[in-house]
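I opened my notebook to go through this structure one look-up at a time. Follow along with the picture and check each stop with me.

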Amino acid sequence: MTSDNDRRRGLLARLRRQRSVAPSRGRRRLGAAVRLIAALMLAGGAYTVFAPGAQAQDNPPLTGAAAEGKALFDVSCVTCHGRNAQGVEGRGPSLIGVGAASVEFQVGSGRMPMARQEVQAERKTPVFTDEETRQLAQYIQELGGGPEVPQGDLRADGNLATGGELFRINCSQCHAFGGGGGALSSGKYAPSLQPATDRQIYAAMLSGPQNMPVFGDNQITPEQKADLIAYIQETLKNDQDPGGFNLGRYGPSTEGLAIFLVGIVALVFASLWIAGKS
């Protein structure tokens with residue numbers, strides 16, 4: 001009997017210990033859950049407080065000129081280039097990353113906006129004023145970055161001799177030796193440089209419009225660009241053709257053809273005249 005009572009007492013003691021341990025483990029688990037919820041709530045509150053500030057830093061407000069440019073863009077450009085300048089398939093390319101230089105060239109020369117898609121955008125009377133063009137360029141620049149045309153005199157201290165050498169090496173193959181332009185493949189052409197301004201020439205070198213390659217500062221330095229612009233503006237445009245008729249300034253092809261036709265005709269008539277006199 002004594003041993004049975006001892007076993008019962010031992011069993012009851014173990015049950016009491018298990019009951020006392022179970023609530024202790026439950027309280028620990030409940031406390032861990034409460035702490036976890038509190039930590040999550042604290043993290044969520046911190047994100048709510050600081051996230052708008054981080055977003056504001058990632059998307060800074062537009063400057064005054066860029067805001068004016070956005071208003072112009074939303075009216076005149078959004079149809080082809082999209083509301084966020086991301087481009088519209090079949091209508092216009094994305095403008096993200098093209099920079100202000102591309103806008104200055106395309107809009108400032110009247111090539112944009114285009115009435116319809118063609119092989120090549122032709123130079124036309126600009127739709128926007130110079131100020132509006134700068135505003136559009138500033139908006140695209142702040143929207144996605146890219147190359148910019150520097151301010152100031154772009155041909156200051158330009159060396160005409162160096163500019164002529166650079167022009168003959170890099171530009172004459174397409175624009176001809178006299179800057180009159182020339183035909184390219186697939187119905188495209190290199191335009192004449194006669195109406196181009198300093199900023200348009202600089203912008204074209206930075207952006208590489210149409211078939212023109214990009215001449216960044218690693219290919220042609222800013223000092224060399226000044227030499228090129230000085231040569232184009234002060235030599236090509238002011239040359240009075242001391243050699244006579246310029247034949248459109250298309251280079252040696254037209255000159256060779258003219259010499260061949262004129263020379264052959266002259267020789268034929270000279271031969272007939274000599275034969276008649278003999």
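**A charge and a ring**

I started with Lys-225, whose charged end sits over the ring of Tyr-202, 5.9 Å from its centre. I reminded myself that this is a predicted model.

**Aromatic pairs**

How many aromatic pairs does a search of the whole structure find? I noted two.

I took Phe-73 and Tyr-139 to begin with: their centres are 5.5 Å apart, the planes make an angle of 55°, and the pair is tilted. Phe-73 belongs to helix α2 (residues 64–76) and Tyr-139 to helix α5 (residues 130–144), so this pair ties together parts that are 66 residues apart in sequence. Are these two buried or exposed? I wrote down "buried" for both Phe-73 and Tyr-139.

Next came Phe-167 and Tyr-231. Their ring centres are 5.7 Å apart and their planes meet at 45°, so I entered this pair as tilted. Phe-167 is in helix α6 (residues 160–170) and Tyr-231 is in helix α9 (residues 222–236), so the pair ties together parts 64 residues apart in sequence. Phe-167 counts as buried because its relative accessibility is 0%. Tyr-231 counts as buried too, because its value is 10% and the cut-off for buried is under 20%.

**The largest nonpolar core**

I met Phe-167 again here. Which residues touch the most other members of the largest nonpolar core? I found Phe-167 and Leu-228, out of 22 residues in that core. Helices α4 (99–108), α6, α8 (198–207) and α9 each supply at least two of the core residues. The largest share comes from α8, with six residues. I added a reminder in the margin: in soluble globular proteins, nonpolar side chains tend to be buried together.

**A nonpolar patch on the surface**

Then I turned to the outside. A nonpolar surface patch of about 1,000 Å² is made by Leu-257, Phe-260, Leu-261, Val-262, Ile-264, Val-265, Leu-267, Val-268, Phe-269 and Leu-272. I picked Phe-269 for a check, and it lies in helix α10 (residues 252–277). Phe-269 counts as exposed because its relative accessibility is 57%, and the cut-off for exposed is over 50%.

**Loops and backbone**

Where is Pro-113 found? I located Pro-113 in the loop between α4 and α5. The peptide bond from Met-112 to Pro-113 is cis, with omega near 0°.

I then looked up two residues with positive phi. Ser-186 has a phi of about 60°, although it is not a glycine. Ser-186 lies in the loop between β1 and β2 (189–190), and it counts as exposed because its relative accessibility is 61%. Gln-210, also a residue other than glycine, has a positive phi near 55°. I found Gln-210 in the loop between α8 and α9. With a relative accessible area of 38%, Gln-210 is partly exposed.

My last stop was Gly-180, in the loop between α7 (172–175) and β1 (182–183). Is Gly-180 buried, exposed or partly exposed? I entered "partly exposed", because its relative accessibility is 24%. I also noted that Gly-180 and Gln-194 are 14 residues apart in sequence, and that their C-alpha atoms are 7.2 Å apart in space.

Technical notes
Residues numbered from 1 in each chain as written. Predicted model: local features only at pLDDT ≥ 70, side-chain atom pairs only at ≥ 80, totals over all residues. Heavy atoms only, no water. Phe/Tyr/Trp six-rings, centres within 6.5 Å; stacked < 30°, edge-to-face > 60°. Helix = DSSP H or I, 4+ residues; strand = E, 2+ residues; numbered from the N terminus. Buried < 20%, exposed > 50% of the residue type's maximum accessible area, 1.4 Å probe, protein only. Lys NZ or Arg CZ within 6 Å of the ring centre and 35° of its normal. Patch = residues over 30% accessible without salt bridge, like charges linked within 9 Å, V, L, I, M, F, W, Y side chains within 5 Å. Areas by Shrake-Rupley, 256 points an atom, 1.4 Å probe, with all protein chains shown as cover. Salt bridge = Lys/Arg side-chain N within 4 Å of Asp/Glu carboxyl O. Core = buried A, V, L, I, M, F, W, Y, C linked by side-chain atoms within 4.5 Å.
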